[in-house]
Amino acid sequence: MNTRNHSMPSHAKPRWSGQAPAVAVMAVLCFGAAQPARANTGGEMAVFYLSLKGIQVAALSGAADMWKALGSAEKAQECLGLASDLDKGDLANEDGMKKFKAKTAELSQTIGELSEAGLPLSREQQASAQKGALKLAGTTVLWAGVAISAVRIAKDGNLNMLEKIAIGVIMAGEVKSAADATGNLLSAWKAYRSMTAAGALKEPSKELAAQFAAL
Amino acid sequence: MTAFLGVLLAAPMCALAASVQDGAAMEVRYCGIGFLGKDADKKNNYRYLSQSVIKDNASLGKVSPLLLSLTRDANTHLHIVDDSSNGSNYSLSYIIAGEKYERQPFVYPLTHQTRYNNIFTVMLNTVVFDLQQGQVIGIYPWIFQYNEASDAPLADGDIAKRFGEFFRKPEPVAEGEEPPADAMLTAWSKSVGGLAMSFKANTISASPVQFSEDAAKLIMDGGSTPEVMSRDLTTRYEAILSQSLRLPVIPSGGGGAGAGDQFVAAIPSCVGQGEVTLTLPAPAYRFAFDVGVLKSGSVVHSVKRGPDGDQGTVDQNEVGYGARIHVQVSQTDESDTVNHGKLILDNRLRAINAKTYIGKREFSDGDQFGKLLVNFMTQTANNIVDPQEKWFKEHLSAEESKTKPSAVQSAWSKFVKEKLHVNPKEVAHK
């Protein structure tokens, strides 16, 4: 997310169609008066969005490693490209979070299918996947940053209840999206692990189960 | 597993519970590492490990202290003394009981290139025995399987190297990280960490897995051999039961062995050159897992792609494999030459597993049935330890449509508590 916006820079031209939550939060903060006490809130917001951005960049870099592990240099490059765009902050108004989720979901879906098929990876592929998982593990500190800043904002006495609710709703959506995307990668990593065993097994759909009703 | 060599002899022996005093924890003398079978057959039975871990006494001598040290670190409740002058009647050895290597070609869907699935299996048993009496007290089997892909078929030397590497000292793993998938001894340590050797423990056995005629035909059509699959599955069931119930197993190895059969192993650090021949006692309980029906099926779903379903729809294939299993448990009675004991549990269950994919995949039906059955063995063993009514609701066969799941749950629960004397909570905490 575009954390540069925490003090509503003069050059910012909010493109609301792009659903830029950081800009929306800043709008809430700046609505009313430019109170000096709100600098603290702005600082916490900066920590919040910087941490979220860090999570996105690290997770996308991890996703790139996992795609590379699967043998798809093209998909790995797409993830790195997106990570780079997010890092520059260019995607705050271009639905970067949605793209982030889409990339991780696609990876998780692909690995899940490979895992169900029981197809294993080579040692080199496993090492690359492990590298990706380590990057994911590295986001723990950033998640702590997200949580701490969110709690501080919630306790901020300079914000009235309506402001807190408005900011809370936006932030909760952001956190959920980032958590979903991280969850996709965790699920992908679990699927990687099961590839070295006998492949994942799962319950059948109702339609398929009906074919086995006589068993 | 191919390496279990049960040489038949007829001399029924008493079960562990009857031959030793009750109550006390068992103290054992560490007797080193060895391998099942005769030294002369080593190269035939262990094509790869005979080039590394069990190549000679020096090689065995390197691994032996590592296994002991890992055991002591993982399980502080075991009384293992490392002193040959110790007067304990009982000895403990780690016995390599099998190695297996399979190579399966497959088309990798992302690159459409042919690759190879290299499947490595190692069986490493913990064996407690009475050397003076020449008798096995109990065997705790453990199986490790590891799959690894390669772009080209692996050379013999590379395969042997990989098998040897499984016995390396586990690498330290930072908190929050997971050990490498091929860290065999890390996984083994966890298993040994749960061992509890007690004079009160019942011994158990898995009867050789049997297939109905129709099921055997499907297995053959799927590219496997029923005899080989039966042997593999029986060995798996022994290990799964032993691990789940924390009880020692008297192996039948798929060959129909029983009380009085011989257990032949080479353990140089314990008995010098040559082999030690021990007698297997009769198990207190036998567990049967017979396959009555095997069936496969498929269905095509139209599914949305993308996290928000905004990338259009595609056809998704779902294939399923199912089986009807006849699970029986009987209390052994060697004097009962007709029924060989009293039947305690007798239920028919159904197992179904599915996998979904987009595009084209190739599956070996034989492999898929094998995976299904091993997976269901684990579920069955878990429900022997801690029976769940919900599981029986889902898995009782259509042939038992009039049986109440709660009644089955109650019967299984009674068996594990009153006969096996296994407390699910205790087992879960070990």
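**Close-up views of a predicted model**

**View 1. Helix α7 of chain B has the length expected of it.** With 1.5 Å allowed per residue, the 20 residues of α7(B) should span 28 Å, and the end C-alpha atoms sit 27 Å apart, so the two agree. (The expected span is 1.5 Å times one less than the number of residues; helices are DSSP runs of H or I with at least four residues, strands are runs of E with at least two, and both are numbered from the N terminus.) Most of α7(B) is covered, with 17 of its 20 residues buried. Here, "buried" takes 20 or more other C-beta atoms within 10 Å of the residue's own, "exposed" takes 12 or fewer, and "partly exposed" is what falls in between, with C-beta atoms placed from the backbone. Right after α7(B) comes Arg246(B), with a positive phi near 55°.

*What you're looking at.* This is a predicted model, in which local features need pLDDT of at least 70 and side-chain atom pairs count only at pLDDT 80 or more, while totals for chains, interfaces and linings use all residues. Residues are numbered from 1 along each chain as its sequence is written, and chains are lettered from A and ligands numbered from 1 in the order in which they are written.

**View 2. An open sheet of four strands in chain B runs in the order β8-β11-β12-β13.** Its pairing is mixed, where two strands count as paired if DSSP finds at least two bridges between them. The edges are β8 (204-206) and β13 of chain B, each pairing on one side only. From one strand to the next, the twist averages 25°. β8(B) and β11(B) run parallel, joined by three bridges, and Ile204(B) has Tyr285(B) as its bridge partner in β11(B). β11(B) and β12(B) are antiparallel, with 19 bridges between them. Within that pair, Val303(B) is bridged to Val314(B), and Lys295(B) stands opposite Gly322(B).

**View 3. Two helices of chain B pack on this sheet, α7 being one of them.** In the same sheet, 19 bridges link the antiparallel β11(B) and β12(B). Helix α7 (residues 226-245) touches β8 and β11 of chain B, and its direction makes about 150° with that of β8(B). Helix α11 (residues 405-419) touches β12 and β13 of chain B, at about 120° to the direction of β13(B). Axes are lines fitted to C-alpha atoms, for helices over the stretch in contact, and angles run from 0 to 180 degrees between N-to-C directions.

**View 4. Strand β9 of chain B pairs with β10 of chain B.** Four bridges join β9(B) to β10 (residues 276-279), and the two run antiparallel; Gln262(B) stands opposite Thr279(B) here. β9 (residues 262-266) is also joined to β2 (residues 27-36) of chain B, antiparallel, by two bridges. Phe35(B) has Ala266(B) as its bridge partner there.

**View 5. Chain B meets chain A with 39 residues, against 36 residues from chain A.** A contact means two C-beta atoms, placed from the backbone, within 7 Å. On the chain B side, the elements giving two or more residues include β4 (90-108), β11 (285-304), β12 (313-332) and α9 (365-385). β13(B) gives the most, with eight residues. By type, this side of chain B has 15 nonpolar, 15 polar and nine charged residues. (Ala, Val, Leu, Ile, Met, Phe, Trp, Tyr, Cys and Pro count as nonpolar, Asp, Glu, Lys and Arg as charged, and the others, Gly among them, as polar.)

**View 6. Two alanines, Ala196(B) and Ala102(A), get a look of their own.** Ala196(B) is in the loop between α5 (184-193) and β8 of chain B. It is partly exposed because 17 other C-beta atoms lie within 10 Å. The C-alpha atoms of Ala196(B) and Asn317(B), 121 residues apart along the chain, are separated by 46 Å. Ala102(A) is in helix α4 (residues 96-116) of chain A, and it is buried because it has 20 other C-beta atoms within 10 Å.

**View 7. Residues 1-23 of chain B come with a pLDDT below 50.** Chain B overall has a mean pLDDT of 85, and 87% of its residues reach 70 or more; pLDDT is the predictor's confidence in each residue, from 0 to 100. Beyond near neighbours in sequence, the 1-23 stretch of chain B still has 70 contacts in the model. Where pLDDT is low, the predicted coordinates should not be read in detail. The model scores ipTM 0.77 and pTM 0.78.
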